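Let's walk through this structure together, one region at a time. Keep the 3D view open beside you as you read.

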Amino acid sequence: MKTTIAEVGKYVGQEVRIGAWLANKRSSGKIAFLQLRDGTGFIQGVVVKEEVEEAIFQKAKSITQETSLYVTGTVREDTRSPFGYELGVTNVEVISESTDYPITPKEHGTEFLMDHRHLWLRSKRQHAVMKIRNEIIRATYEFFNNEGFVKVDPPILTGSAPEGTSELFHTKYFDEDAYLSQSGQLYMEAAAMALGKVFSFGPTFRAEKSKTRRHLIEFWMIEPEMAFYQFEDNLQVQEAYVSFIVQNVLKNCKLELNTLGRDISKLEKITAPFPRITYDEAITFLNEKGFNDIKWGDDFGAPHETAIAEAYDKPVFITHYPTSLKPFYMQPDPNREDVVLCADLIAPEGYGEIIGGSERIHDVGLLKQRIEEHQLDEKAYEWYLDLRKYGSVPHSGFGLGLERTVAWISGVEHVRETIPFPRLLNRLYP
Ligand code: 4AD
Ligand code: MG
């Protein structure tokens with residue numbers, strides 16, 4: 001029976017044939033243990049000298065790392081492995097030999113691994129992270145589909161800048177100037193006026209000169225936008241959504257979380273509602289904690305976010321930031337001109353901000369004023385102002401950074417391991 005590693009549980013006691021690569025191998029005079037992978041999973045193949053033809057045993061012993069194979073064997077339950085099965089190998093056929101595979105089971109430096117990212121992806125750890133990333137994407141579509149959202153795809157080449165002009169990738173668009181999208185939000189606002197509740201999922205680009213474990217140059221964002229939703233409604237969508245993806249990873253990625261050594265008990269606590277503190281309270285809290293460098297009006301750095309997160313075992317919303325710290329489109333607090341109706345969601349365990357969101361300005365006069373204050377080119381925003389001219393309504397939305405969310409849920413230190421081919425400050429290869 002031709003099958004895959006993920007499916008072998010259906011064939012206990014039967015003989016199966018699997019296309020695979022040799023991930024690793026241990027052998028002695030009498031037995032060879034083949035660590036096999038086929039993309040769907042990892043399984044140990046056991047070749048016993050006494051039980052196979054001598055030529056097969058010798059072949060099995062000589063297979064080199066990452067050689068591709070067809071392996072035939074009997075599926076057995078194996079209570080010692082987290083996967084639960086092993087293969088009693090009866091035959092091995094080499095498809096294509098691999099010699100001098102650069103990534104050996106010994107330790108390698110990060111730069112070396114990054115230079116070989118196209119091969120590093122085959123490792124058990126990277127496989128686990130990619131599976132968790134995929135589950136988060138799958139659960140995202142499930143959540144928003146269940147909630148009646150419509151998936152809308154904003155453009156990647158744009159003429160306007162939602163998140164400030166300093167971090168834009170510039171390109172020529174025939175005779176015009178264009179930028180790679182840093183957020184689809186403005187277009188999603190237009191879509192929300194047409195379709196009510198919408199979400200996007202796509203790549204975004206920021207020419208940020210930050211070399212931290214949280215920053216990528218190209219990253220993927222999920223951006224929901226909802227007509228008639230106000231500040232509080234927006235937070236409720238976020239906490240329901242984030243809890244949903246965590247609970248689905250717990251349910252569907254047990255093996256991967258185990259491979260990564262993730263502390264499951266920390267993820268099990270992630271259920272709505274999430275705690276909230278205002279920006280003002282956060283400043284007071286930090287000053288009391290001994291952070292004397294930060295005062296009202298300053299933005300938080302990574303150490304500040306981490307200190308705040310450590311006070312909670314769930315993600316925490318920091319709300320009502322000073323207007324001066326945030327983009328032009330955020331709705332002011334009706335009770336206080338100097339803060340806006342926004343929230344950043346800070347992940348636990350030092351993973352930093354995973355969501356930025358807000359209620360949007362729906363008054364055309366105020367929006368025009370903000371565009372001027374931020375010295376943006378009003379012509380590029382004419383279409384955006386139209387949304388406030390023709391039946392403007394209160395609306396809100398947010399953006400979740402996929403890679404930071406994958407890093408947090410997987411428990412990996414750096415976002416470079418959470419995207420197949422990371423684009424970093426000094427890296428465009430492979
Ligand atoms: O807070 P940000 O800049 O918000 C926006 O772009 C809004 N327009 C979203 C919206 O309301 N529709 O970015 C949103 C999230 C951050 O919270 C963070 O998780 C992620 O995107 N992010 C990055 N992730 C990796 N590398 C970077 N350089 C990132 N910049 C932002
Ligand atoms: Mg932000």
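A good place to begin is ligand 1, which is surrounded by 23 residues. The closest of them are S183, Q185, G356, G399 and G401. Keep in mind as you look around that this is a predicted model.

Which parts of the fold supply at least two residues each to the shell around ligand 1? Three strands do so, namely β12 (218-227), β18 (352-359) and β19 (395-401), together with the helix α13 (402-410). The most generous contributor is β18, which gives five residues to this shell. In terms of chemistry, the shell around ligand 1 is made up of eight nonpolar, eight polar and seven charged residues.

Now zoom out to the whole chain. The protein is divided into domain 1, covering residues 2-96, and domain 2, covering residues 117-417. Measuring over C-alpha atoms, the centres of domain 1 and domain 2 are separated by 44 Å.

Next, let's turn to the helices. Two packed helices are described by the angle between their axes and the distance between the axes. With that in mind, find helix α4 (residues 124-146) and helix α6 (residues 231-252), whose axes are 9 Å apart and which pack at an angle of about 130°. This angle means that α4 is oblique to α6. The crossing of α4 past α6 is right-handed. On the α4 side, the contact uses I132, E135, I136, A139, T140 and F143. These meet Y241, F244, I245, N248, V249 and N252 in α6. By class, the contact of α4 with α6 has eight nonpolar residues, three polar ones and one charged residue.

Helix α4 also packs with α13, the helix that we met in the shell around ligand 1. Here the angle is about 120° and the axes of α4 and α13 are 10 Å apart. So α4 is oblique to α13. As α4 passes α13, the crossing is right-handed. The α4 residues V129, I132, R133 and I136 meet L402, T405, V406, I409 and S410 in α13. The residues of this contact divide into six nonpolar, two polar and one charged. If you follow I132 in the viewer, you will find it listed in the contact of α4 with α6 and again in the contact of α4 with α13. I136 likewise takes part in the contact with α6 and in the one with α13.

How do α11 and α12 run relative to each other, roughly parallel or roughly antiparallel? The axes of helix α11 (residues 364-373) and helix α12 (residues 382-389) come within 9 Å and cross at roughly 160°. The two helices are therefore roughly antiparallel to each other. In this pair, V364, L367 and K368 of α11 meet L385, R388 and K389 of α12. The contact of α11 with α12 has three nonpolar residues, no polar ones and three charged ones.

Finally, a few backbone details deserve a look. Most residues other than glycine have a negative phi, and most peptide bonds are trans. Where does the backbone depart from this pattern? D100 is not a glycine, yet has a positive phi of about 55°. You can find D100 in the loop between β6 (85-96) and α2 (110-115). The peptide bond from A272 to P273 is cis, with omega near -5°, and P273 sits in the loop between α8 (264-268) and β13 (276-278). Another cis peptide bond joins Y429 and P430, with omega about -5°. P430 belongs to the segment after α13.

Key:
Residues numbered from 1 in each chain as written. Chains lettered and ligands numbered in written order. Predicted model: local features only at pLDDT ≥ 70, side-chain atom pairs only at ≥ 80, totals over all residues. Domains from an automatic or database assignment. Near = placed C-beta within 6 Å. Helix = DSSP H or I, 4+ residues; strand = E, 2+ residues; numbered from the N terminus. Nonpolar A, V, L, I, M, F, W, Y, C, P; charged D, E, K, R; others polar. Axes fitted to C-alpha atoms, helices over the stretch in contact; angles between N-to-C directions. Parallel < 35°, antiparallel > 145°, perpendicular 65-115°, else oblique. Left-handed = near helix turned anticlockwise from the far one by under 90°. Contact = placed C-beta atoms within 7 Å.
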